[in-house]
Amino acid sequence: MPTADVAAAVPTAVIFDVGRVLYDWDPRILYRHLIDDDRALDAFLRDVVTHDWHFQHDAGRDFADTSAELVALHPQHAELIAAWGPRFLESIGDPIPGMPALVDALDAAGVPLFAITNFSHEFWPPFRAREAAMFDRFRDIVVSGVEKMVKPDPAIYRLALDRFGLEAARTVFIDDNAANIAGARSVGLIALHFTDAPTLRAELAALGLVAA
């Protein structure tokens, strides 16, 4: 029988990131269908619809505003920029290999599942609806664009812990971004840097949450 100290250390819940942990995400998935030339595609993704530009959506800005500003800077790409909003879900690829099965295993083991995602308040609802088979297993999800705060700001982790009713020291957080991992650790979460499903499964098994 485990001692009280050991039992107290066993995590009781898991918080997932979504993009590049549960699902592949890459603007190239969308724009490779719209730009035939590879060099032109690379330049467009590097100089126009950049990650910094998109991060504004994660922080709560409306696509109508950000796209108008971007079109003013790059009027020759107006049509391509306009496609980002209505076709954003096409930039989200398949589930990361092995992750649906791992989520299933955690859910079957009775582990409470949650998520914190940097995601636009406009783009999240249709994605959530499309992937209901995955996200119906989650008890709650904090969406940065709704809250107007983003990872790795410690405030979003504190908000999530409070809303989810979880204790940081007994909660696992999983993310592919090193900065987000550092932010989670700063508030006391057990943060695991995601690389692939087999590695994560082994780490969760070591924590007593799932079978190896």
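A salt bridge is here a side-chain nitrogen of Lys or Arg within 4 Å of a carboxyl oxygen of Asp or Glu. With that criterion in hand, select E131 and R130: their side chains meet in such a bridge, 2.9 Å from N to O. E131 counts as buried, at 18% relative accessibility, whereas R130 is partly exposed, with a relative accessible area of 39%. The model under view is a predicted one.

**The whole chain**

Display the full chain as a cartoon. It contains 13 helices and 7 strands. The radius of gyration is 19 Å, close to the 17 Å that the globule rule gives for 212 residues, so the chain is as compact as a globular protein of that length. Along the principal axes, the C-alpha atoms fill a box of roughly 70 × 30 × 30 Å. Colour by accessibility next: 45% of the 212 residues count as buried. Among contacts between residues at least 6 apart in sequence, 68% join residues at least 24 apart.

**Helix 13**

Move to helix 13, residues 197-206, and show its side chains. A197, L200 and L204 are buried there. Viewed down the axis of helix 13, the buried residues fall within an arc of 65°, so they line one face of the helix. Rotate to the face turned away from that buried side, where the exposed residues P198 and A206 are found.

What covers the buried face? The cover over the buried residues of helix 13 includes strand 1 (13-16), helix 7 (99-108), strand 6 (171-175) and strand 7 (190-193).

Both ends of this helix merit inspection. At the N-terminal end, D196 acts as a cap, with a side-chain oxygen 2.8 Å from the backbone nitrogen of T199. Just after helix 13, G208 adopts a positive phi of about 85°.

**Helix 7**

Select helix 7 next, and with it M99, L102, V103 and L106, which are buried. Seen down the axis of helix 7, these buried residues fall within an arc of 100°, so they line one face of the helix. Their cover includes strand 1, strand 4 (113-117), helix 9 (132-135) and helix 13. Just after helix 7, G110 takes a positive phi of about 80°.

**The nonpolar cores**

In soluble globular proteins, nonpolar side chains tend to be buried together. Which residues have the most contacts inside the largest nonpolar core? Show F16, Y31, M99, F135, F138, I174 and L204, which hold that position in a core of 51 residues. Helix 7 supplies the largest share of this core, 4 residues.

Centre the view on L204, one of the buried residues of helix 13. Leaving out residues up to four places away in sequence, L204 touches L102, L106, V172, I174, L192, L209 and V210. Of these partners, L102 and L106 are among the buried residues of helix 7.

A second, separate core holds 18 residues, including A13, I15, V142 and I181.

**Helix 10 and S144**

Select S144, which lies in helix 10, residues 144-147. Is S144 buried or exposed? S144 is buried, its relative accessible area being 0%. Setting aside neighbours within four places in sequence, its contacts are D58, T117, N118, F119, M149, V150 and I156.

**Charged pairs**

Side chains of opposite charge can pair when their charged atoms come close. Return to the charged side chains, since the structure holds 11 salt bridges by the 4 Å cut-off. Among them is the pair R28 and D42, whose side chains meet at 2.7 Å, N to O. R28 lies in helix 2 (residues 27-31) and D42 in helix 3 (residues 38-47), so this pair ties together parts that are 14 residues apart in sequence. R28 is partly exposed at 30% relative accessibility, and D42 is likewise partly exposed, with a relative accessible area of 35%.

Further along the chain, select D47 and R46. They form a salt bridge in which the closest N and O atoms are 2.9 Å apart. D47 counts as partly exposed at 39% relative accessibility, while R46 is exposed, with a relative accessible area of 54%.

For the last stop, select D17, K151 and D175, which are linked in a network of salt bridges.

How values were computed. Residues numbered from 1 in each chain as written. Heavy atoms only, no water. Helix = DSSP H or I, 4+ residues; strand = E, 2+ residues; numbered from the N terminus. Buried < 20%, exposed > 50% of the residue type's maximum accessible area, 1.4 Å probe, protein only. Arc of directions from axis to C-beta. Contact = heavy atoms within 4.5 Å. Polar contact = N/O pair within 3.5 Å; in protein donor to acceptor, adjacent residues only side chain to side chain. Core = buried A, V, L, I, M, F, W, Y, C linked by side-chain atoms within 4.5 Å. Rg over C-alpha atoms; globule rule 2.2 N^0.38 Å.
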